[in-house]
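Reader: I am new to this structure and would like a close look at one part of it. Please start from a single loop residue and then work outward to the strands and sheets.

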Amino acid sequence: MKDGFDILVVGAGPAGIAAAVTAAAAGLRVGLVDDNPAPGGQIWRSGAHLPAAAQRWLARLDRSSVVRLHGWRVFDCPQPNLLCAEPNSAAMTSESRVRAELSFGKLILATGARERFLPFPGWTLPNVMGAGGLDALVRGGLPIAGKRAVVAGTGPLLLAVAAHLARRGARIVAVCDQASRLQLARLAAHLVFEPAKLWQGANYALAMLPARLRTRCWPVAAHGSDRLRAVTLRQGAKQWDVDCDYLACGFHLVPNIELPTLLGCRIEDGFVATSEWLETSVPGIYCAGEPTGIGGAELALLEGEMAALAASGLTHQARGLARKRRGMSEFVAVLAKACSLDPKLRALASDDTMVCRCEDVRYGALRSRANWRDAKLHTRCGMGPCQGRICGSATEFLFGWRDTPVRPPIFPALLSSLASPDTPTEDLVAAGAPSHSAKESR
């Protein structure tokens, strides 16, 4: 499948939706590619109780002329102004194994973020999962009513998840944030100037009652044989066990910068560096949303609009948005400080604790390694299907390692997608013989 666009947007979360809709409104041919089956990204997953802003933007997307490729994953950029994608595993069938070649004049990257996980004894037990992961499963129909849940880690997602689980009938037995009271107080003080966020946080706190937020508190071990039965929590010198059915645990967010890195965009302090108009160091490539700084859906929407206007040559229309963004960007720094990780969390893992779940690499095998590349060569850490997206951020915190340069494919891809320069099809329905994945060929 081959197609060309004036502007191609990668990622269909808030930033990507705003970018695609705004660029299409300017009369340009716009493509939107995302590996999820529906738009909304991780924050606006399908389901009831979507925010009013989400409903408005999704409705605008439905009415727009944007060409949407849902369930497609970008895995390579073989030449300038060309991205290659294939259906992800959920969307793939033996009749749809086709490589898409998407050419573009301008590119907007809105690749979002993922949760950071830190290893501790028992974190690989069934029913121990990311906070956002459990929230997504419940939205998808997982029965949670009457189940006991512990929500732990750090970041504003904790309160939102705890509140949603409580509304679905879960018994919230503990909500634990590793941040201190002072860190959270500084964040709350900043939110005085953003009453909508303050009101939202208050509603979350009310929804999860009688559970209350514990600060400087985190899980040190999960217990069970076939599945999770209990969690050991620590707060200062105090340590105790809590019986539970689910542990939702996430230590804030990590930006998805693999594709920007592959394209040669400059990375600063773990985020994509951009100009005032959100253009990256590579001319014609823009970036919006969480890869430029973790700031929430409202900032992501604004940046998506800005990037689209700039890419469309309408920077004069974006001047007001630029001023507003400068004011909102202060929240990014405040939130980062509030979610900075306590160094004591580095002591959670024992030598027998799994760090790389894909390749079964334990903490003890990594302690003697010099850097990320050395660990990959000697233990295969980071070489599984997730390509280091889970263990990479964990080892960065545990050992201070930085990931090595990104090489294609940035996701495991079919050999047919990697080997076939041309696919003689004109639409998304194409045929092909079953073939093995790149991972299976190693």
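**From one loop to the sheets**

Author: Pro37 sits in the loop that joins strand 2 to helix 2 (52-63). The model is a predicted one, and what follows describes that model. Pro37 counts as exposed, because its relative accessibility is 73% and exposed means over 50%. Not counting residues up to four places away in sequence, Pro37 touches His70 and Gly71. Ala110 is 73 residues from Pro37 along the sequence, and the two C-alpha atoms are 16 Å apart in space.

The strand before this loop is strand 2, residues 30-34, and it is mostly covered: five of its five residues are buried. Val30, Leu32 and Asp34 point one way from strand 2, while Gly31 and Val33 point the other way. Such a pattern has a general background: in a regular strand, side chains alternate between the two faces of the sheet. In strand 2, the residues pointing either way are all buried. Strand 2 pairs with strand 1 (residues 2-10) in the parallel sense, over four bridges. Within that pairing, Ile7 stands opposite Val30 of strand 2.

Further along the chain is an open sheet of five strands, in the order 8-15-9-10-11, with parallel pairing. Strand 8 (128-129) and strand 11 (213-215) stand at its edges. Each has a single partner strand, so one side of each is left without a neighbour in the sheet. Strands of a sheet pair through backbone hydrogen bonds, either parallel or antiparallel.

Within this sheet, strand 9 (residues 148-154) and strand 10 (residues 171-177) pair in the parallel sense over six bridges. Ala149 stands opposite Ile172 in strand 10, and Val151 stands opposite Val175 in strand 10. Strand 9 is largely enclosed by the rest of the structure, because six of its seven residues are buried. Helix 4 (residues 157-167) lies across strand 9, strand 10 and strand 15 (246-251). This helix runs at about 170° to strand 9.

Another open sheet has three strands in the order 12-13-14, and here the pairing is antiparallel. Its edge strands are strand 12 (217-223) and strand 14 (238-243), each pairing on one side only. From one strand to the next, the twist averages 25°. Strand 13 (residues 230-235) pairs with strand 14 in the antiparallel sense over six bridges. Thr232 has Asp241 of strand 14 as its bridge partner.

One more loop residue can be set beside Pro37. Phe193 lies in the loop between helix 5 (181-191) and helix 6 (195-207). Phe193 counts as exposed because its relative accessibility is 70%. Together with Val192 and Leu198, Phe193 makes a nonpolar surface patch of about 340 Å².

To return to the starting point, Pro37 is an exposed residue in a loop that follows strand 2, and the residues of strand 2 are buried.

Key
Residues numbered from 1 in each chain as written. Predicted model: local features only at pLDDT ≥ 70, side-chain atom pairs only at ≥ 80, totals over all residues. Heavy atoms only, no water. Patch = residues over 30% accessible without salt bridge, like charges linked within 9 Å, V, L, I, M, F, W, Y side chains within 5 Å. Areas by Shrake-Rupley, 256 points an atom, 1.4 Å probe, with all protein chains shown as cover. Salt bridge = Lys/Arg side-chain N within 4 Å of Asp/Glu carboxyl O. Helix = DSSP H or I, 4+ residues; strand = E, 2+ residues; numbered from the N terminus. Buried < 20%, exposed > 50% of the residue type's maximum accessible area, 1.4 Å probe, protein only. Pairing = 2+ DSSP bridges. Contact = heavy atoms within 4.5 Å. Axes fitted to C-alpha atoms, helices over the stretch in contact; angles between N-to-C directions.
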